[in-house]
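Biologist: I have a new model open on my screen and would like some help reading it. Could we go through it together?

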Amino acid sequence: MSVKQFCIASGGVVAFPPEAADKLLATRDGDAALLYIYILNQGGVLDEPTAMRRLGFTRTQLSDTVKKLESAGLLGDGAISARMPSVYPSEEPPVYSAGDLARGMDGDPAFRHLVDEAQRRLGKVLSQADLAMLFGIYDRMGFPADVLSLLITHCVGEAKTKYGEGRIPTMRQIEREAVIWEQRGILDEARAEEYLIELQRRKTVTAQILRALQINGRAPSASEERYIHEWLEMGFNVDMIYRAYDITVVKTGGLKWSYLNSILKSWHTKNLRTIEQVEQGDRPQEKQAPRAGAAHEPGAHERRALEWLKNYNPADREKK
């Protein structure tokens, strides 16, 4: 590859010593380089929610990258001193005053637009407590406004499906869903859309399974839903689940979830994935006829007869 000279725009200067550059290159990690430059540009201060938004990192990704920089000797004593606020679920949530929220609304157009979207989708004016909770998800958990808007829309749809027309989710329910998204690393628009598409696919398949199990006119209970999700995770399709249901009804006289589950788990253990494999696996093995020329294994009577012939001596008979 030829050597190329690049022209890089200059203004203020962000620099670090050659030893640090060598350590950074030795990590061979793009995330580490990106985060190091970000911390350096912030004067050694790492504000986690802001960094997650600016860099597009998940919390796990950010935490792992910080550990990598610490292991390389690039953070800590004698290097950049990074301040990472504690943001784990066990901590007390920050308290936002009316002034904090006003500054957030006035100083951050993205958050202002998010508030307008949330009020439109929820059909109400958010109280100060609601605003504080929404700002906490946005600021403390590091959710981009567009992702948080998708999350709120999802929660509104779920509430309508579960509880009927006119029901809306509480901000606490939205916060709980945000925690789930955060734990799964759903912090950018592409991942959020992918996740929502997969959820819709699962809902469609779950509805087909419920019809196959003769369940109509109601949503599955939490336990029933867990069973169905487990079967889908094992890779079973509707036809296989219906076959297990048919066997369950014949054996028990009705739908017994634990019995049906035991059948599917047994098939999963045996790696039976199609109806044909199940039929073959459940069919009793037929006795094979002895092959031509194969040695015949004598039975008990034959063994006694052979033993007698082996010891038989005609001379003994004449003596009698």
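Modeller: Happy to; we will go from the overall fold to one helix and then to a pocket. Please keep in mind that this is a predicted model.

Biologist: How many helices and strands does the protein have?

Modeller: There are 16 helices and zero strands. Of the 320 residues, 34% count as buried. Among contacts with a separation of 6 or more, 64% join residues 24 or more positions apart.

Biologist: How do I read one helix, say α5? Which of its residues are buried?

Modeller: The general idea comes first. An α-helix has 3.6 residues a turn, so residues three or four places apart point the same way. In α5, which spans residues 98–107, the buried residues are L101, G104 and M105. Those residues lie on the same side of α5 because they cover an arc of only 95 degrees around the axis.

Biologist: Which exposed residues does the face turned away from the buried side carry?

Modeller: That face of α5 carries R103, D106 and G107. On the buried side, the cover includes α6 (109–122) and α7 (128–139).

Biologist: Now the largest pocket. How much space lies in it, and which residues are closest to its centre?

Modeller: The largest pocket holds about 1200 Å³ of space. Of its 32 lining residues, E158, K162, K203, E225 and H229 are the closest to the centre. The elements giving two or more residues to the lining are α8, α9, α10 and α11.

Biologist: Which element gives the largest share of that lining?

Modeller: α10 does, with nine residues. By type, the lining divides into 13 nonpolar, eight polar and 11 charged residues.

Technical notes
Residues are numbered from 1 along each chain as its sequence is written. This is a predicted model: local features need pLDDT of at least 70, side-chain atom pairs count only at pLDDT 80 or more; totals for chains, interfaces and linings use all residues. Side-chain values use heavy atoms; hydrogens and water are left out. Buried means under 20% relative accessible area, exposed over 50%, partly exposed in between (1.4 Å probe, protein chains only). Helices (H or I, at least four residues) and strands (E, at least two) are DSSP runs, numbered from the N terminus. The arc is that of the directions from the helix axis to the C-beta atoms. Contact means heavy atoms within 4.5 Å. On a 1 Å grid over the protein atoms alone, a cavity is a set of points where a 1.4 Å probe fits but cannot get out, and a pocket is an open set with protein on both sides within 12 Å along at least five of seven lines; lining residues have an atom within 4 Å of a point. Grid points are joined across faces, edges and corners, and a volume is the space filled by probe spheres set on the points. Ala, Val, Leu, Ile, Met, Phe, Trp, Tyr, Cys and Pro count as nonpolar, Asp, Glu, Lys and Arg as charged, and the others, Gly among them, as polar.
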